[in-house]
Structures are given as C-alpha cells and as structure tokens.
Amino acid sequence: MPASIADYALVGDGKTCALIARTGSVDFLCWPRFDSGACFAAMLGDDSHGHWRLAPEGFVTATTRRYRGDTLVLETEFTTEHGAVRVIDFMPRDDMPGSALIRIVEGVRGTVRMDCTIRLRFDYGDMPPWSQQQGNGFLAEVGPDRVALFAPIPVAHERASGTARFEVAAGQRLPFALVYTDATDPLRAEPDAERALAETEREWSDWIGRFDKPCHWPGPVKRSLITLRALIHKHTGGLLAAATLGLPEQPGGSMNWDYRYCWLRDATFTLTALLNAGYTEEARKWRDWILRAIAGSPERMQIMYRLDGTRRLPEYEATWLPGYEGARPVLVGNAASNQIQLDVYGELLDGFHVADRAGIDREPRCIEVETALIEYLEGIWDKPSADIWETRGDPKRYVYSQVMAWVGIDRFLAAARKHGHADPALVQRLGPLRQTMHDAICARGYDAEHGHFVRDFGGSALDASLLILPLVGFLPADDPRMAGTIRAVETQLMEGGLVRRMPAKGDGRDEGAFLACSFWLADCMKLQGRAAESRALLERVIALSNDVGLLSEEYHVPSRRLIGNTPQALTHLGLVNTALSLSGPVLQRGA
C-alpha cells in the first residue's frame, strides 16, 4: 500500500518533481515534464508500478526528516539498532538538457546496512523499458525516453529493475543519480553530486532570500512560496494546480482527477500572492503565460491548459493502476477542460487589474486581449455555465460565476477610467450593464427567507465559493446580506473547524474539507474586524501541514488526514495571501 498523503515530501527542478515517502521510496515521478507520463507510479498502485527505495535494511527505530533550511533539499534520517544514516534528496535547477534526481547516502553514526531497490516503469507504471548495464548502474530506454542510473556501488539489474545491498559507515557519503535525457540526445555524464548539491542549496536560498515582507508566520509562508515555485514550470511560467493525479477527494471514491495542468481560475490568487511576496518577475511570467494561452480567440478559451499552453487534455482511465488505497478510476487528462465556466473571464480581468495596480506594464497585447474578453463576456454573462467546482452536470446560473462576470465588467471599467484606452461606446454600454448584473444577482441569487446568498439562481443550497463575494468587492463583508452568508457558512459548512465546499451528505461518503475555503473564511473574518478569529483559523489550517510543511487539497476530518492531490497550489496560495494580509498592508483584490 502507498504511504499516507502526509508522508510524502516534494523535490523538484522547475521541469518536473518527485514525491518521496518517509520510507525513502520515490513513489511518483514524471519525466521529462510535470504533465508527462510517470516512470514511478507506486503512489497510485504498488511497487510493481515503479519506485526507487533507498533506505536501511530491516527494522528502523526512528525516522525524521526536514528540508535543509529554506530550500527544496530534503534530508531524511533513519535510525537503526546499528547506527544512523541520512539520505539527501534533491533535483538540480540547472539549464542542462533533461533532468536529474540525486540521492546522497550519508553515514551519521555506526554502520548501517542499506537497501537500494529501483524499478522503472514508464507510461504510469505500465511499460518496462529496455535496459543494459552501464558502469555500476544501468541505462534504460523506451520510445523517446532515456534514463541512466549512476551508482557508487554495483547495482544488479534486469528489465530496468535494479537491486543492491551495501553498508555505509559514519562519515561516508555515497551519491546515486538518476538522469533523464531525450533518447535522441547525447548521453549526459555522471553529475558531480556534491557540487550540484551546493549549487541547488544556494539557488533556493538566494531565491527565498528575496522575501522580506512583514509576516507573523514566516516559516509557513516561506515554505509555501518555495512549494509554489516548485510547481511553476521554469521555462514557460505556467503554474500547476498540483504535482499529482488520481489522489481521491473522497477516501476510496471516484473523484480522482488529474491536476498537473494550469488553471486560468488561479490567475488572480497567484498574481496576488506573488506580488504581495515581492516576486514581480514570477508574476509577470505568469501573466504572460496567460496571454499566450488565450491567444486571439476568447470565445474558445479553456479553463485549463498544459504547461506550454497546449489545449488538448483528453481524459482516459489508466485501467492497469489499482488506484491510491483502491480509489478508482485513475484518470489521466482532464475532461473539465472542455467546460464553459463563466467565472474564468472575470478571474482573468481581475488578474490583469491586480497586475496593473502592482505596476506590471500593460502591453498593447494585454489591452487587446482584455477588450476581446469583455466584448465576449458582454454577450454571454447571463448564460448558464459549469460551476467553480467543475461539477459534471447540467449548466446553471451559479452565483459565483455571475459575480465574477460582474467583476470582469467592473475591472475593465476601472482600467478604462485609469488609462482611457477603451472605446467610449463600449464604456457607455458597460456602466449600466454592471448595475443590471449586480441587481440580478442580488434579486435572484439571494434567499431573503434564510438571509444568505445561495449557490445558483432560484436554488437554496449554500456553497463556500460565496465567501469570495466580499473579497472581490461585490458587497462589503458587513453588508447584512453578506454577513448572513458568512454566518450561514460558519453554521452549515463547517466540519472540525474547517470549511467544506458544499453541505455534507451524511452518508459516510463525503469528500474532505476544502482547505482553500478555510482561508477564504479567514479573509472574510478579517474584513469583518474579527482579526483574532481569522488568525486562529489560519493557524488551524497551518497545523494540518505535514512534517515538512506541505498541504494537499483537502482534509478528511473523520479520519483526521490530508487527502486529495498534493501539494495543492491553491491551498498554499491561500496560506500566503491570508498570512500576509494579517501581517500588514498588502495588495487586495477588491480594492
């Protein structure tokens, strides 16, 4: 069985990433990119689907781990009856072709007998590559992919599966390296592990050293920023929603989506977090990635894209994988990319507005795209669409979607007033339209009998996305209608002090509490002058982080564990935005 979600740590190089369990096993790694097929997929099955274990033989009496300072260099220390050993894992952030995962075994105390077991299985655990001996390690190839294992001791191999037993004494350092290159490129030489370690540690330390904002929670915020950077593709600037696919939102359930793509909805959350933390260049690259992805046809805009802006994300089931804890189907790709989600237009226009207020230059291309978006939004704002949660049902007029359409109009008008770039006739039409939209939402999206906004026009259900309304300036947080909505969320959507997306079904098959929603509630509390409660909620979610500071998509209160894809960008974005907002003046979305 795979480790628990909380038992996984992340290392990465800006091209891809690896998830490593406390047992010393690399259970998930996609090469050459985050959204490529996995060559280690034990996380979604078992060891036969690909893994690399580097840990002591026999019984381990204690395991501790940490990131080395404010870096993405992972140290796992194992204690046995014969001594202690440390495994140092990292991926160099270099510009060399391909990618490398380096693991240095360091003797700490006594002499420890170690086990190295590696099994390469490409295409998400389905395809064993051809392999041949190379030095102490081996070379493996399948289709366009080539992986070379460099080892300090002989590794016996067969069909790209290798094993070795060796001893490490105090003071010894034995480097292993797994290096990926395209099968048609020249072979890369064995990396200098010690030099690569020093350079990787320095590169991460220098980057996070640029963070100098006032913050009451510097440790969690820095770790979240490092995690977010690890999920940003260094060449394109695209931000993944999460590093993984197929991890269930409901234990043993069927909501097992692929999150290794870039969601346009995350635009404003991402820009706000990066800009408030002082990372303007990363924010600009994300803005530019969005412009490239949208291209010249807003009416054909998707809600998500691949890292390079590719549009096709066909969804299929990896039938050979048994799934995490038996949760099936394991889905690769994401059919929600074909949904029409009205809110995304407002999210983008809000993001461009935030970037403009932060001083990121508004290029002519950006103005052209904004105008095309608003002209398209003007004609479809009152049409049914899918919801923020990508429910695969009939389209409706969801309140959140309608509000974000209103946000799009509002932000475009603000930019027009500031820069004077818009067609006066368009501006003249949009002013009355903005008021019409606001009136419609307040009339049809508000339940006067129960005193709160509802999920969709004419409905009665609550939805945690309604917490965004005061954050984007639709209504003040102390407006009676908004205050009633926040109060209803606190009484009807809370579980274990955390916020659910929707009411519990009560049939024992509920998904976990959606962690980003708890940050949204904390933000609302702050706007209501409830700073102490806001801080307490923030700290409640921070306390759910695993031992190396990572958070997944959800937390399952009944079983008291993190669930869903991990690490989740939206969760860490929420942590950064809320913590900085509670620490001092910041750039606010609705201002």
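# Notebook: helices, odd turns and prolines

**Entry 1: aspartate 123.** I started with the accessibility of aspartate 123, which is 33%, so this residue counts as partly exposed. Note to self: the model is a predicted one. I then looked up where aspartate 123 sits, and it lies in helix α1, residues 122-125. Its phi is positive, about 55 degrees, even though aspartate 123 is not a glycine. I wrote that down because most residues other than glycine have a negative phi.

**Entry 2: arginine 560.** Here I found another positive phi of about 55 degrees on a residue that is not a glycine. Arginine 560 lies in a loop, the one between β25 (554-556) and β26. Is arginine 560 buried or exposed? Its relative accessibility is 68%, and the cut-off for exposed is over 50%, so arginine 560 counts as exposed.

**Entry 3: two glycines after helices.** I checked what comes just after α4 and found glycine 278 with a positive phi of about 95 degrees. Then I did the same for α6, where glycine 359 follows the helix with a positive phi of about 95 degrees.

**Entry 4: helix α4.** How many of the residues of helix α4 (residues 267-276) are buried? I got 10 of the 10, so α4 is largely enclosed by the rest of the structure. Among the buried residues are Phe269, Leu271, Leu274 and Leu275, and the list also includes Thr268, Thr270, Thr272 and Asn276. Next I asked what covers the buried residues of α4. The cover includes the strand β16 (262-263) and the helices α5, α6, α10 (468-471), α12 (515-527) and α14 (569-581).

**Entry 5: helix α6.** Since α6 is part of that cover, I looked it up too. In α6, 14 of the 15 residues are buried, so this helix is also largely enclosed by the rest of the structure. I tried a quick length check on α6 (residues 343-357): at 1.5 Å a residue it should span 21 Å, and its end C-alpha atoms are 21 Å apart, which agrees.

**Entry 6: α5 against α7.** Helix α5 (residues 280-294) packs with helix α7 (residues 364-380) at an angle of about 55 degrees, and their axes are 11 Å apart. An angle of 35 to 65 degrees falls outside the parallel and perpendicular ranges, so I noted this pair as oblique. The crossing of α5 and α7 is left-handed. Which residues make the contact? From α5 I listed Arg287, Leu291, Arg292 and Ile294, and from α7 I listed Arg365, Cys366, Val369 and Leu373. Sorted by class, the contact of α5 with α7 has 5 nonpolar and 3 charged residues, with no polar ones.

**Entry 7: α7 against α8.** I stayed with α7 and turned to helix α8 (residues 399-419). These two pack at an angle of about 135 degrees, with axes 10 Å apart. That makes α7 oblique to α8. The crossing of α7 with α8 is left-handed. On the α7 side I found Glu370, Thr371, Ile374 and Leu377, which meet Ala405, Gly408, Ile409, Phe412 and Ala415 in α8. By class, the contact of α7 with α8 divides into 6 nonpolar, 2 polar and 1 charged.

**Entry 8: proline 364.** Still on α7, I looked up proline 364, which has its place in that helix. Proline 364 is exposed, with 66% relative accessible area. I also checked its spacing to histidine 421, which is 57 residues apart from proline 364 along the chain: their C-alpha atoms are separated by 9.9 Å.

**Entry 9: cis peptide bonds.** Most peptide bonds are trans, so I searched for the other kind. A cis bond joins arginine 328 and proline 329, with omega about 5 degrees. Proline 329 is in the loop between β18 (316-317) and β19 (331-332). Another cis bond runs from threonine 566 to proline 567, with omega near -25 degrees. Proline 567 is in the loop between β26 (561-563) and α14.

**Entry 10: arginine 113.** I finished on a strand. Arginine 113 is in β9, residues 99-119. At 38% relative accessibility, arginine 113 counts as partly exposed. What does arginine 113 contact, leaving aside its neighbours within four places in sequence? I noted Pro56, Glu57, Arg165, Phe166 and Glu167. For phenylalanine 166 I also checked the spacing: its C-alpha atom and that of arginine 113 are separated by 5.7 Å, though the two residues are 53 residues apart along the chain.

Notes
Residues numbered from 1 in each chain as written. Predicted model: local features only at pLDDT ≥ 70, side-chain atom pairs only at ≥ 80, totals over all residues. Heavy atoms only, no water. Axes fitted to C-alpha atoms, helices over the stretch in contact; angles between N-to-C directions. Helix = DSSP H or I, 4+ residues; strand = E, 2+ residues; numbered from the N terminus. Parallel < 35°, antiparallel > 145°, perpendicular 65-115°, else oblique. Left-handed = near helix turned anticlockwise from the far one by under 90°. Contact = heavy atoms within 4.5 Å. Nonpolar A, V, L, I, M, F, W, Y, C, P; charged D, E, K, R; others polar. Expected span 1.5 Å × (residues − 1). Buried < 20%, exposed > 50% of the residue type's maximum accessible area, 1.4 Å probe, protein only.
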